[in-house]
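Biologist: I should like a close look at one part of this protein, followed by an account of the surroundings in which it is set. Please explain each term as it arises.

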Amino acid sequence: MSLPAADISAFVARRRRVLEWMQAQGGGVAVIATAPQALRNRDADYPYRHDSDFYYLTGFIEPEAWLILIAGADTRAVLFCRARNEAHEIWEGLRVGPEAAAQRFGMDDAHPVDSLDELAPQWLLDQPNLWLSQTAGAAVGARVQSWMQAAREQGRFGARPPAALRDLNPLLADMRVVKDAAEIASMRRAARISAGAHARAMRAVRPGMREYELEAELLYEFRRHGAQGVAYNSIVASGANACILHYQAGDAELGDGELVLIDAGCEYDSYASDITRTFPVNGRFSGAQRALYDLTAAAQQAAVAATTPGHNWDDGHQAALRVLAQGMLDERLLRGSLDGVLESGAYSRFYMHRTGHWLGLDVHDVGDYREAPTSPGVPGPWRTLQPGMMLTIEPGIYVRRADDVPAKFWDIGIRIEDDALVTETGCELITRGVPVDAREIEALMRE
């Protein structure tokens, strides 16, 4: 696997930023491992997916790889990866190999992964800090501890292991929240592919189909346009199933007069997209369906208006929440006043999740939603939005059948979700290649 030099420069710049930060913190060594392969059953593996932090710093997608960053008088980025092996490559495909990896991925050096346990302990000697991701997993932690023990055994020769173990996660999470140009380009491509898949599903749906048939339309569109896979397990939920937030496509039949909710997105060059659309199986919203659908669309628009630089993370959620709560009162799903419903949380019976999340290499991407606390035991202020941040905007309403709920709304679940890039002046919805307006959806379905 190789990447053009223009793409590699983004990964080199990220590593340089980490090394500069490490030097400012006193220097040391950082260890980042990619994800392990996982056995599905007997000798069959799950499809391999690399670790997101590792990819963010390297662009390297093969398993059994490690990145060592050394921040001292001489800063270095060293990759450990699998050696070329003709017998294995016959079965598994070509490997980059350490000989080519340094140049292709802009590393200072590269070594066979089999030499990691020999070289890593030496590089820990007399270093002030060891940075390790605290979410790296037990196997990585145990291996690093073995290197630390090997370094301690050099004490009688006057050498010392790192005195402090420090968490690399806060820095990498903070970096990943704001996307660079290369990341935004990949996410735009993922968004276009996923929007096309949702439009395909709208055109293909018919009463009597099964949920898994509609899922197949999505997967076909993802792969035929070059997406490497799904960003998460697709939700295709018809009728009452749409009121189950993380329902996965099953074998339920799509009923005439029902809605179907699809929450699905592809992954392109390791970056996720995340779209939800809800539409009528027969191509026509009923009156009750349209009322709740238009309410959800209005809530999303209110959140979009509040997703601008200078607003904080929570502003969009609160804007959507006020619209939804007022609509619940107007449709007699709830009783009382708007302030009372908001204060009591009564709305959460029909809207139980927040209005968005960070999006990037992971569909629920890393990054704090609040600033650091200003005093012990008190949550810090919500994070201020800034250009380059990518997040979802996804209000919904879910009405299960109950005696105190108007029967016309029973088993209606609606969510509308788009991916938003915060810009200098507001936000851009990069997933609007598939319509949101109810009339436009019905028009598309008539095609």
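Leaving aside its neighbours within four places in sequence, with which residues is Asp314 in contact?

Modeller: This is a predicted model, in which local features need pLDDT of at least 70 and side-chain atom pairs count only at pLDDT 80 or more, while totals for chains, interfaces and linings use all residues. Residues are numbered from 1 along each chain as its sequence is written, and side-chain values use heavy atoms, with hydrogens and water left out.

Once neighbours within four places in sequence are set aside, Asp314 is in contact with Arg354 and Trp382, contact meaning heavy atoms within 4.5 Å. Asp314 has its place in helix 11; helices (H or I, at least four residues) and strands (E, at least two) are DSSP runs numbered from the N terminus. Asp314 counts as buried because its relative accessibility is 9%. Buried here means under 20% relative accessible area, exposed over 50%, and partly exposed in between, with a 1.4 Å probe and protein chains only.

Helix 11 (313–330) also helps to enclose an internal space: helix 11 and strand 15 (390–393) each supply at least two residues of the lining of the largest cavity. A cavity is a set of points, on a 1 Å grid over the protein atoms alone, where a 1.4 Å probe fits but cannot get out; a pocket is an open set with protein on both sides within 12 Å along at least five of seven lines; lining residues have an atom within 4 Å of a point. The largest cavity holds about 120 Å³ of space; a volume is the space filled by probe spheres set on the grid points, which are joined across faces, edges and corners. Its lining has 14 residues, and Trp313, Gly316, His317, Thr355 and Leu391 lie nearest its centre. By class, this lining comprises six nonpolar, seven polar and one charged residue. Ala, Val, Leu, Ile, Met, Phe, Trp, Tyr, Cys and Pro count as nonpolar, Asp, Glu, Lys and Arg as charged, and the others, Gly among them, as polar.

Leu391 leads on to Leu359, since Leu391 is among the residues that Leu359 touches when those up to four places away in sequence are not counted. The other partners of Leu359 include Lys179, Met187, Asp274 and Asp419. Leu359 lies in the loop between helix 12 (338–344) and strand 15, and is buried, with a relative accessible area of 0%. Tyr271 is 88 residues from Leu359 in sequence, yet the two C-alpha atoms are 8.5 Å apart.

The whole structure has two cavities of 30 Å³ or more. The second largest, of about 30 Å³, is lined by Val29, Val31, Ile68, Ala120, Trp123, Leu124 and Trp147. Its lining has seven nonpolar residues, no polar and no charged ones. Helix 5 gives the most to this lining, namely three residues.

Helix 5 (residues 116–124) lies across strand 1, strand 4 (66–71), strand 5 (76–81), strand 6 and strand 7, running at about 160 degrees to strand 5. Angles run from 0 to 180 degrees between N-to-C directions, with axes fitted to C-alpha atoms, for helices over the stretch in contact. An open sheet of six strands has the order 6-5-4-1-7-8, with mixed pairing; two strands pair if DSSP finds at least two bridges between them. Strand 6 (109–112) and strand 8 (164–167) are at the edges with a single partner strand each, so one side of each has no neighbour in the sheet. Within the sheet, strand 1 (residues 28–33) pairs in the parallel sense with strand 7 (residues 129–132) over three bridges, and Val29 stands opposite Leu130.

An open space may be added to this picture. The largest pocket has a volume of about 740 Å³. Its lining has 30 residues, the closest to its centre being His50, Ile61, Gln228, Asp269 and Ser270. The lining divides into 16 nonpolar, seven polar and seven charged residues.
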